[in-house]
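Opened a new file today and wanted to know how its parts sit against one another. Jotting things down as I look them up.

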Amino acid sequence: MQDWDAVVIGGGPAGLMAAGEIARLGHRVLLVEAKPSPARKFLMAGKSGLNLTKDEPCEALLAHYREAAEWLGPMIRAFDAAAVQDWARGLGQELFTGSTGRVFPTVMKGSPLLRAWLAELDSHGVTRQLGWRWSGWQDGQLKFETVAGPQFIRARATILALGGASWARLGSDGAWAATLAARGVALAPFQPSNAALSISWSDHMTPHFGAALKAVAWQAGDLQGRGEAALAKRGIEGGGLYALTPALREGNDLFVDLAPDLTEDDLATRLARPRGKASWANHMRRVLKITPVKMALLQEFGRPLPQDAQELARVIKHLPVRHAGLRPIDEAISTAGGVRRDALDDGLMLKAIPGTFCAGEMLDWDAPTGGYLLTACFATGRWAGQAAARYLASSATR
């Protein structure tokens with residue numbers, strides 16, 4: 001058995017942030033990760049460009065957390081987009097902001113930032129233990145399953161940063177939920193977020209798999225979004241679609257606007273031009289400059305195409321996308337659900353388990369991609385770490 005001031009369980013962004021906050025105040029911190037290396041999902045997210053945050057005013061940023069914005073507000077205001085950028089630059093990372101406001105490391109990878117981050121934690125004395133999987137408590141001690149058999153650790157404060165329930169191969173499998181539920185912690189069921197859609201395509205769509213659907217707008221329920229998506233063998237995926245996941249989870253129909261820069265009347269006027277012997281498809285390609293992938297999607301979901309220009313324009317602007325629901329939760333980029341707000345105090349400490357704090361995706365909040373996921377993980381990890389440090393200081397005086 002080992003004794004530590006604080007044990008942080010989970011080596012993703014929230015856990016790393018919490019560990020640093022506690023260690024900077026002189027406490028002995030052990031960071032435990034079940035996988036052979038930390039922050040695997042963080043690195044995977046950075047393969048196509050690590051989107052750290054969205055450079056926009058804090059209130060605009062918070063609006064993307066929807067129902068959770070009120071209780072996440074103090075945490076994100078304390079570590080907003082500007083603070084995230086200052087922190088990354090403080091670790092020696094050059095950043096750039098894209099045309100949409102998304103912020104990336106200039107190198108477009110997560111590994112240099114992670115190396116610098118781990119080096120900083122090392123400098124503050126944070127000890128790392130890899131390949132240990134947390135399995136709950138036994139006799140007041142934290143229990144871990146390891147290749148050498150069960151290991152037990154006593155901690156004055158514990159920070160759980162165990163992730164959600166997607167991408168289990170990278171460490172976020174949601175197995176911790178049963179452990180916390182058994183201790184009386186209130187949980188919301190896991191649900192996929194930022195998830196692709198399942199679609200059973202007709203054979204004529206096969207040549208378009210892998211094609212990007214650009215310059216389109218999406219609508220489901222009261223949510224709207226504009227951004228590209230990609231056609232895949234099993235359905236549609238992409239950032240433009242992911243923001244609508246909350247509405248799609250509730251069973252709302254999905255519609256796509258294939259010409260968001262033109263009004264319905266604009267389209268009808270163009271379509272009403274003489275087409276001679278040209279087919280509707282060739283006529284649309286000529287007068288609308290419609291791309292092959294958009295044409296394929298229109299044929300897939302809009303047939304039989306109306307012969308009236310105004311009616312066809314209406315279909316192009318409001319094309320229903322027939323689908324079989326969201327892809328399985330493990331394929332989702334993130335998850336909603338987890339530890340409920342009413343299970344926590346204002347410092348993210350579990351009311352049912354004093355001295356145990358939670359952070360990151362294991363909390364019940366939801367956000368789209370585009371920098372919002374990482375921003376909240378950083379902010380809640382920092383908040384929980386600072387609260388745990390205060391808890392340690394207060395308990396030392398008792």
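Below are my notes, entry by entry, on what I looked up in this predicted model.

**Entry 1: the cores.** I began with the nonpolar cores. The largest one has 84 residues, and the members that touch the most others are Y65, L180, V339, W365 and F378. I then checked which element feeds this core: α14 gives the most, with eleven residues. There is also a second, separate core of 44 residues, and A268, W280, L288 and L298 are among its members. Nonpolar side chains tend to be buried together in soluble globular proteins, so I wasn't surprised to be starting here.

**Entry 2: V339.** I picked V339 from that list and asked what it is in contact with, leaving aside neighbours within four places in sequence. The list runs to W176, L180, V185, A186, L187, L344, L350, C358, M362, L363 and D364. L180 turns up here and also among the core members that touch the most others.

**Entry 3: α10 against α11.** Two of the second core's residues, W280 and L288, come up again in this helix pair, on the α11 side. L267, R270 and L271 of α10 meet W280, H283, M284, V287 and L288 of α11. The two axes come within 9 Å and cross at roughly 115°. I noted the crossing as right-handed.

**Entry 4: α13.** Which residues of α13 (309-317) are buried? I got A309, L312, A313, V315, I316 and K317. K317 is the lysine on that list, so I kept a note of it. These buried residues pack against β17, α10, α11, α12 and β18, which takes me back to the helix pair of the last entry. At the N-terminal end I found a cap from D308, with a side-chain oxygen 3.1 Å from the backbone nitrogen of Q310.

**Entry 5: W218 and strand β13.** W218 is in β13, residues 217-220. Buried or exposed? The cut-off for buried is under 20% relative accessible area, and W218 comes out at 2%, so it counts as buried. A polar atom of its side chain lies 2.9 Å from the backbone oxygen of G227. I also looked up its separation from D80: 138 residues in sequence, and 28 Å in space from C-alpha to C-alpha.

Next I followed the strand's partners. β13 runs antiparallel to β14 (223-226), joined by four bridges, with A220 opposite L223. The hairpin has two residues between the strands, and G221 takes a positive phi near 60° there. β13 also pairs with β17, antiparallel, over four bridges; A217 has D257 as its bridge partner. β17 is also one of the elements that the buried residues of α13 pack against.

**Entry 6: a three-strand sheet.** I looked at an open sheet with the order β3-β5-β4 and antiparallel pairing. β3 (53-54) and β4 (95-97) are the edge strands, each pairing on one side only. Between β3 and β5 (102-105) I found two bridges, and K54 stands opposite R102.

**Entry 7: T369.** R102 from that sheet shows up once more as a contact of T369. T369 sits in the loop between β20 (356-358) and α14 (372-396). Its relative accessible area is 18%, so it is buried, the cut-off being under 20%. Not counting residues up to four places away in sequence, T369 touches R102, N194, G239, Y242 and I333.

Note on methods: Residues are numbered from 1 along each chain as its sequence is written. This is a predicted model: local features need pLDDT of at least 70, side-chain atom pairs count only at pLDDT 80 or more; totals for chains, interfaces and linings use all residues. Side-chain values use heavy atoms; hydrogens and water are left out. Buried means under 20% relative accessible area, exposed over 50%, partly exposed in between (1.4 Å probe, protein chains only). Contact means heavy atoms within 4.5 Å. A polar contact is a pair of N or O atoms within 3.5 Å; within protein, one must be able to donate a hydrogen and the other to accept it, and residues adjacent in sequence count only if both atoms are side-chain atoms. A nonpolar core is a set of buried Ala, Val, Leu, Ile, Met, Phe, Trp, Tyr and Cys residues joined through side-chain atoms within 4.5 Å. Two strands pair if DSSP finds at least two bridges between them. Axes are lines fitted to C-alpha atoms, for helices over the stretch in contact, and angles run from 0 to 180 degrees between N-to-C directions. A crossing is left-handed if the near helix is turned anticlockwise from the far one by less than a right angle, and right-handed if clockwise.
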